[in-house]
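The following exercises concern confidence, strand pairing, salt bridges and aromatic pairs in a single structure. Each task is followed by a worked solution.

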Amino acid sequence: MRFFAAVCVLALFAFISGCSSNSQVTGKVIFDDGTPLTTGEVRFESSGYLGSGQIQSDGTYTVGSKAEKDGIPKGSYQVSIYAFEYPAGKPGENPAKTPPPKSLVAKEFQSGKTSGLVCEVNGKTTFDITVKKPKK
């Protein structure tokens, strides 16, 4: 009887883990001049849910939710980009006097509410993103 119960429990866990309907989302982030954004993070947000992916040196990314590149649940997501350049302080300088980080993308892309970027995830999804550089 215990053997039968153990088999049933294992089958249930296998079924539940197989039902994890996370979808792979990949893409590339480029500036409107065609050059890739070479650092930062792409964030997918929906109803309190957050998935993200690190932007690679060629501009590509893959989104994960709990672990890197494990995908995200199907649905509609607002997308934002976080990419900053952190100036190096001078040796011995008070860290409070170091200039603040400089965004590598225009401010509207830092929030899913203002970026205008929406991605519908339904299975394996490719979502390429074009961003603007910040105004000088």
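**Exercise 1. Determine how many aromatic pairs the structure holds, and describe those that link separate parts of the chain.**

Solution. The structure holds five aromatic pairs. Rings of Phe, Tyr and Trp (its six-membered ring) pair if their centres lie within 6.5 Å; planes under 30 degrees apart count as stacked, over 60 as edge-to-face and the rest as tilted.

Step 1. One of the pairs is formed by phenylalanine 44 and phenylalanine 127, edge-to-face, at 6.2 Å centre to centre and with 70° between the planes. Phenylalanine 44 belongs to strand β3 and phenylalanine 127 to the loop between β11 (125–126) and β12, so that the pair links distant parts of the chain, 83 residues apart. Helices (H or I, at least four residues) and strands (E, at least two) are DSSP runs, numbered from the N terminus.

Step 2. Phenylalanine 44 is buried, at a relative accessible area of 0%, and phenylalanine 127 is buried at 15%. Here buried means under 20% relative accessible area, exposed over 50%, and partly exposed in between (1.4 Å probe, protein chains only).

Step 3. Tyrosine 49 and tyrosine 77 form another edge-to-face pair, with 6.2 Å centre to centre and 65° between the planes. Because tyrosine 49 lies in strand β4 and tyrosine 77 in strand β7, this pair ties together parts that are 28 residues apart in sequence. Tyrosine 49 is partly exposed at 26% relative accessibility, whereas tyrosine 77 is buried at 3%.

Step 4. Ring pairs link Phe44, Tyr49, Tyr61, Tyr77 and Phe127 into a cluster.

**Exercise 2. State what kind of model this is and where confidence is lowest and highest.**

Solution. This is a predicted model, in which local features need pLDDT of at least 70 and side-chain atom pairs count only at pLDDT 80 or more, while totals for chains, interfaces and linings use all residues. Residues are numbered from 1 along each chain as its sequence is written, and side-chain values use heavy atoms, with hydrogens and water left out.

Step 1. The chain averages a pLDDT (the predictor's confidence in each residue, from 0 to 100) of 85, and 85% of the residues score at least 70.

Step 2. Confidence is lowest in helix α1 (residues 2–18), at a mean of 42, and highest in strand β12 (residues 129–131), at 98. Over residues 3–19 the pLDDT is below 50, and this stretch has zero contacts (heavy atoms within 4.5 Å) beyond near neighbours in sequence. Where pLDDT is low, the predicted coordinates should not be read in detail.

**Exercise 3. Give the strand order of the four-stranded open sheet and identify the strands at its edges.**

Solution. The order is β4-β3-β7-β10, with antiparallel pairing; two strands pair if DSSP finds at least two bridges between them. Strands β4 (49–54) and β10 (118–121) stand at the edges with a single partner strand each, so one side of each is left without a neighbour in the sheet. Four bridges join β7 (residues 75–82) to β10, and glutamine 78 stands opposite valine 118 in β10.

**Exercise 4. Count the salt bridges and locate the partners.**

Solution. A salt bridge requires a side-chain nitrogen of Lys or Arg within 4 Å of a carboxyl oxygen of Asp or Glu; the count comes to two.

Step 1. Aspartate 33 bridges to lysine 133, the closest N and O atoms being 3.4 Å apart. Aspartate 33 lies in the loop between β2 (25–31) and β3 (41–46) and lysine 133 in the segment after β12, so the pair ties together parts 100 residues apart in sequence.

Step 2. Glutamate 41 and arginine 43 meet at 2.4 Å, N to O. Glutamate 41 is buried at 15% relative accessibility, whereas arginine 43 is partly exposed at 25%.
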